[in-house]
Amino acid sequence: MVSGDNMIQLLVEMLQGDHACTSGIVTSCQFIAEVPLHVQDSVTPLHYSVSPIPTDSSLMNRKVKAADIHSVVWSEVRGQEVIDLHTHLLPPSHGALCLWGIDEMLTYHYLVSEYFMTAPADITPEGFFAMNKNHQANLIWESLFIQRSPISEATRGVLTTLQALGLQSDVDNRDLDSIRKFYDGFREEGLKGVEKFVGEVYRIAGVRYALMTNIPFDSNEAQHWRPMKKEYPETFKSALRVDPLLAGDRKTVENALRASGYSTSLEDARKYLHDWCDTMKPEYLMASTPHDFSLPPSEGGGTLSGVTKKGVNESSLQSPFAFADLTGNDCNDCEATDNLPSIINETSDFLTEVLMPVCEERDLPLALKIGAHRSVNPALLSAGDGLVAFADTNSLARLCGRFPKVRFLATFLSRNNQQEACVLASKFRNLHIYGCWWFCNNPSIIKEITQMRVEMLGTAFTAQHSDARVVDQLIYKWSH
């Protein structure tokens, strides 16, 4: 408090639990104190904390000295809630599709691939994936956290998360059983326990809300939307996957329309998409493109030569609401949701007469994730995906030019595409670059890419998204 502050107002804030006084009048002074300078560095995780200084404090009107800029910026960033533009999280109401807990973190595909770099020769991928999740987690914990130093970004993330959840002593003791007991305490409360845990993670991470990845065309998820939409908190918002429409995958789309009681006309295809938008109320539509993402010039016509659509399980198309249940696994398990056919066909009437008109009519952006190379090592399943060195950005430029009324969000997986993506964003007002996706989501690369974007785009970009698939990951994905 400084001279000029309203003491009565400060006391009211404390009584009401406003600002940093979350526990009211008994809030610990340590909780609302500014972080010492010696921990304001690029190594210490920047955990969220409500600023202890009210916005109407006289202190906010004082000039900042050059020597204090670092501390002030550090404190202000620390106190900002985030909107997580893209995740693969689902709410507790969606049952097993809501991934959380230590075993889910340890069997995250980043850690699975890291484990197999040094796994014993007698542990084959087939044998590993035949084990239950608990056994898989035990192997990864022993290999990466006991026998080896956990210094990779993925292993550090687990440690940061556990520490933030108050489990430092269990980490110090390498006590996985005790860590599991902590999570079991929430599980024993059923749905309320899961909701409590999710709320605690959001509070620690400072996330206002997160955008989900919703695939109504997968029957596992569709049951949570129709015939009766399940209620979920405002901390989760929807994003609707539309890969088959973007690809012009006529057979898949038409089978889905018939299975859901629609005709196969373009008018009913638009109605189908509108109806799902009414149900989900998405913030945007989205699709992931493969490594050979390429869009033929509009005058060329036809589909891409030499490209074969793979992975469609046609029997699953008979399920109501389904485009395809392509993987046989949980659609939100690791990268399974990205294994949809997504070769873009610019000449498709599904693109020009269905998807783009719906985006325009509802003023919904279309988000594209570009550059993943699926199944580089198929034996590792989703942990075996890689990236392409250079993705074709000309396709994105043609989309932006041909559909100027549609707003496009784009993120590239390869570090090599980042500069070209910035240049494109400076040429098309309907293109917005977002996040550091997947293999770019490492602190050193995030720093490099963000600095370049600031220099080229100013503030006209979204710096980050977590891409989290396990609720707990929100903590480290943002604090790192």
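In this predicted model, the largest pocket has a volume of about 1300 Å³. Its lining is made up of 35 residues, and those closest to its centre are L46, V77, I446, W478 and H480. Several elements of secondary structure contribute to that lining: helices α3 (69-78), α11 (190-205), α19 (443-457) and α20 (473-479), together with strand β1, each supply at least two residues.

Strand β1 also leads into the sheet. Three strands make up this open sheet, laid out in the order β1-β2-β3 and paired in parallel. β1 and β3 are the edge strands, each pairing on one side only. Between β1 (residues 82-84) and β2 there are three bridges, with the two strands running parallel. Going through that pairing residue by residue, V82 has V207 of β2 as its bridge partner, while I83 has Y209 of β2. On the other side, two bridges hold β2 and β3 (residues 236-237) together, again in the parallel sense. Here L211 stands opposite K237 of β3. As for how β2 (residues 207-211) sits in the fold, four of its five residues are buried, so this strand is largely enclosed by the rest of the structure.

K237 turns up again among the charged pairs. It forms a salt bridge with E234, the closest N and O atoms being 3.0 Å apart. The two partners sit in quite distinct settings: K237 counts as buried because its relative accessibility is 19%, which falls under the 20% cut-off, whereas E234 is exposed, with a relative accessible area of 62%.

In total, the model holds 16 salt bridges. One of them joins E153 to R156, with 2.9 Å between the closest N and O atoms. Both residues belong to helix α8 (residues 153-164), and because they are three residues apart there, about one helical turn separates them. E153 is buried, at 16% relative accessibility, while R156 is partly exposed, at 28%.

Another salt bridge reaches between two helices. The side chains of D278 and R362 meet at 2.6 Å, N to O. D278 lies in helix α15 (residues 266-280) and R362 in helix α16 (residues 349-362), so this pair ties together parts that are 84 residues apart in sequence. D278 is partly exposed, with a relative accessibility of 41%, and R362 is partly exposed as well, at 29%. Elsewhere the salt bridges link up into a network, and its members are R250, E254, R258 and D349.

Then there is the nonpolar interior. Nonpolar side chains tend to be buried together in soluble globular proteins. Here the largest nonpolar core has 108 residues, and the ones that touch the most other members are L285, L355, L366 and F408. Taking L366 as an example, and leaving aside residues up to four places away in sequence, its contacts are V242, L246, L285, M286, L355, M356, C359, R407, F408 and L409. That list includes L285, L355 and F408, which appear next to L366 among the best-connected members of the core. A separate core of nine residues lies apart from the largest one, and among its members are L211, A239, Y284 and A367. L211 is thus a link back to the sheet, as the residue opposite K237 in β3.

A last stop is K133, which lies in helix α7 (residues 133-147). With a relative accessibility of 33%, K133 counts as partly exposed. Its contacts, again not counting residues up to four places away in sequence, are D103, E104 and T107. K133 and T107 are 26 residues apart in sequence, yet their C-alpha atoms are 7.2 Å apart in space.

Notes. Residues numbered from 1 in each chain as written. Predicted model: local features only at pLDDT ≥ 70, side-chain atom pairs only at ≥ 80, totals over all residues. Heavy atoms only, no water. Buried < 20%, exposed > 50% of the residue type's maximum accessible area, 1.4 Å probe, protein only. Pairing = 2+ DSSP bridges. Salt bridge = Lys/Arg side-chain N within 4 Å of Asp/Glu carboxyl O. Core = buried A, V, L, I, M, F, W, Y, C linked by side-chain atoms within 4.5 Å. Contact = heavy atoms within 4.5 Å. 1 Å grid on protein atoms, 1.4 Å probe; cavity = no way out; pocket = protein on both sides within 12 Å on 5 of 7 lines; lining within 4 Å. Points joined across faces, edges and corners; volume = space filled by probe spheres on them.
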